[in-house]
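Here is a set of exercises to work through with the model open beside you. Try each task on your own before you read its solution.

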Amino acid sequence: MNNNGNIIEIHGLKKSYDKGKTKALDGVNLEIQEGEFVSIMGPSGSGKSTLLNMIGAFDTADEGSISVAGIDLMKTKNLDQFRSEKIGFVFQLHNLIPNLSVLENVEIPMLRKKISTKDMESRAMELLELMNFSDLSEKVKQKPTKLSGGERQRVAIARALVNHPTIILADEPTGALDSRTTQMILDLLKDIHQKENVTLVMVTHEQDVGEQADRIVTVLDGKIKEGKA
Ligand SMILES: Nc1ncnc2c1ncn2[C@@H]1O[C@H](COP(=O)(O)OP(=O)(O)OP(=O)(O)O)[C@@H](O)[C@H]1O
Ligand SMILES: [Mg+2]
């Protein structure tokens with residue numbers, strides 16, 4: 001974080017694909033305060049996922065500057081370390097590993113740390129308990145394929161949180177869910193955002209979901225427009 005309270009600072013960020021033919025980001029300027037909950041909205045193909053991937057250092061930009069949690073992502077060599085220490089990522093289709101149990105899936109981000117099996121298990125259980133499961137003790141042993149979509153997404157949120165991230169990035173976390181389950185997932189995210197003061201950046205195409213954030217930013221043709229489209 002820098003001295004003006006921005007945990008994310010992006011200036012003139014550009015990213016193109018296909019040897020420059022597709023301009024996914026075309027000069028993005030965006031500042032997000034520490035502890036803010038921001039929704040990113042905009043039409044399909046406008047660059048929302050590309051932007052989120054840049055913030056989480058899953059991909060690198062071509063031009064411009066991007067600083068996240070005090071790290072200059074255009075310069076740092078330790079992108080893996082940055083990602084595992086600072087970022088929790090929730091995907092639209094949860095990306096759980098089908099042949100591992102629920103508990104093992106939540107433990108994955110801790111594997112590269114020097115934590116005992118017992119401590120990993122208790123941290124994973126601590127988060128799963130926050131996720132309002134019924135029959136949790138049974139569910140943790142099951143494979144994610146046995147769970148409903150909303151339950152899988154709650155496992156994915158628990159997994160995103162185990163390493164105490166500074167920032168949660170969520171790309172359409174409720175995109176595959178019905179409206180009741182959507183609200184439950186949102187309430188969980190909002191709860192964590194408030195209790196742990198994590199910064200939450202969420203991509204969504206649903207207006208009523210986006211409006212639950214402190215602020216909506218819209219991406220249009222690879223550029224930011226504050227407020228609704
Ligand atoms: N890996 C890639 N290779 C080539 N082109 C890509 C790649 N990723 C994204 N693009 C292109 O960049 C543009 C922005 O894509 P992006 O996935 O960021 O859009 P989006 O706003 O997330 O859309 P959606 O709402 O459909 O998820 C699109 O034209 C897309 O086709
Ligand atoms: Mg997308």
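The exercises below go from the whole chain to single strands and residues.

This is a predicted model, in which local features need pLDDT of at least 70 and side-chain atom pairs count only at pLDDT 80 or more, while totals for chains, interfaces and linings use all residues. Residues are numbered from 1 along each chain as its sequence is written, chains are lettered from A and ligands numbered from 1 in the order in which they are written, and side-chain values use heavy atoms, with hydrogens and water left out.

**Exercise 1. The whole chain**

Describe the secondary structure content, the overall dimensions and the burial of the protein chain.

Step 1: count the elements. The protein chain has eight helices and 10 strands; helices (H or I, at least four residues) and strands (E, at least two) are DSSP runs, numbered from the N terminus.

Step 2: judge the compactness. The radius of gyration is 17 Å, close to the 17 Å from the globule rule for 229 residues, so the chain is as compact as a globular protein of that length. The radius is taken over C-alpha atoms, and the rule is 2.2 Å times the number of residues to the power 0.38. Along the principal axes, the C-alpha atoms fill a box of roughly 50 × 40 × 35 Å.

Step 3: look at burial and contacts. Of the 229 residues, 49% are buried; buried means under 20% relative accessible area, exposed over 50%, and partly exposed in between (1.4 Å probe, protein chains only). Among contacts (heavy atoms within 4.5 Å) with a separation of 6 or more, 70% join residues 24 or more positions apart.

**Exercise 2. The open sheet**

Work out the strand order of the open four-stranded sheet and find its edges.

Step 1: read the order. It is E2-E1-E4-E5, with antiparallel pairing; two strands pair if DSSP finds at least two bridges between them.

Step 2: find the edges. E2 and E5 (71-72) each have a single partner strand, so one side of each is left without a neighbour in the sheet.

Step 3: follow E1 to its partners. E1 pairs with E2 over nine antiparallel bridges, and with E4 (residues 63-68) over five, also antiparallel. Lys 14 illustrates both pairings: Asp 26 is its bridge partner in E2, and Glu 63 stands opposite in E4.

**Exercise 3. Two hairpins and some positive phi angles**

Locate the hairpins, then list residues with a positive phi.

Step 1: recall the background. Most residues other than glycine have a negative phi.

Step 2: take the E1-E2 hairpin. Four residues separate the two strands, and Asp 18 in the turn has a positive phi of about 55°. Lys 19, in the loop between E1 (6-17) and E2 (22-33), has a positive phi of about 50°. With a relative accessible area of 89%, Lys 19 is exposed.

Step 3: take the E9-E10 hairpin. Four antiparallel bridges join E9 (residues 215-220) and E10 (residues 223-226), and Val 217 faces Glu 226 across them. Two residues lie between these strands, including Asp 221, whose phi is positive at about 50°.

Step 4: add two further cases. Asn 132 has a positive phi of about 55° and sits in the loop between H4 (117-130) and H5 (136-139). Ala 57, which follows H1, has a positive phi near 55°.

**Exercise 4. Enclosed elements**

Is strand E7 enclosed or open to solvent? Answer this, then examine its partners, helix H1 and Arg 123.

Step 1: check E7. Five of the five residues of E7 (residues 167-171) are buried, so this strand is largely enclosed by the rest of the structure. Ile 167, Leu 169 and Asp 171 cover one face, with Ile 168 and Ala 170 on the other.

Step 2: find its partners. E6 (residues 87-90) pairs with E7 in parallel over four bridges, and E8 (residues 199-203) does so over five. Ile 168 is the bridge partner of Gly 88 and stands opposite Leu 200 in E8.

Step 3: check H1. Six of the eight residues of H1 (residues 48-55) are buried, so this helix is largely enclosed too; among them are Leu 51, Leu 52 and Met 54.

Step 4: finish with Arg 123. Arg 123 lies in H4 and, at 11% relative accessibility, counts as buried. Leaving aside residues up to four places away in sequence, Arg 123 touches Met 110, Leu 161, Val 162 and His 164.
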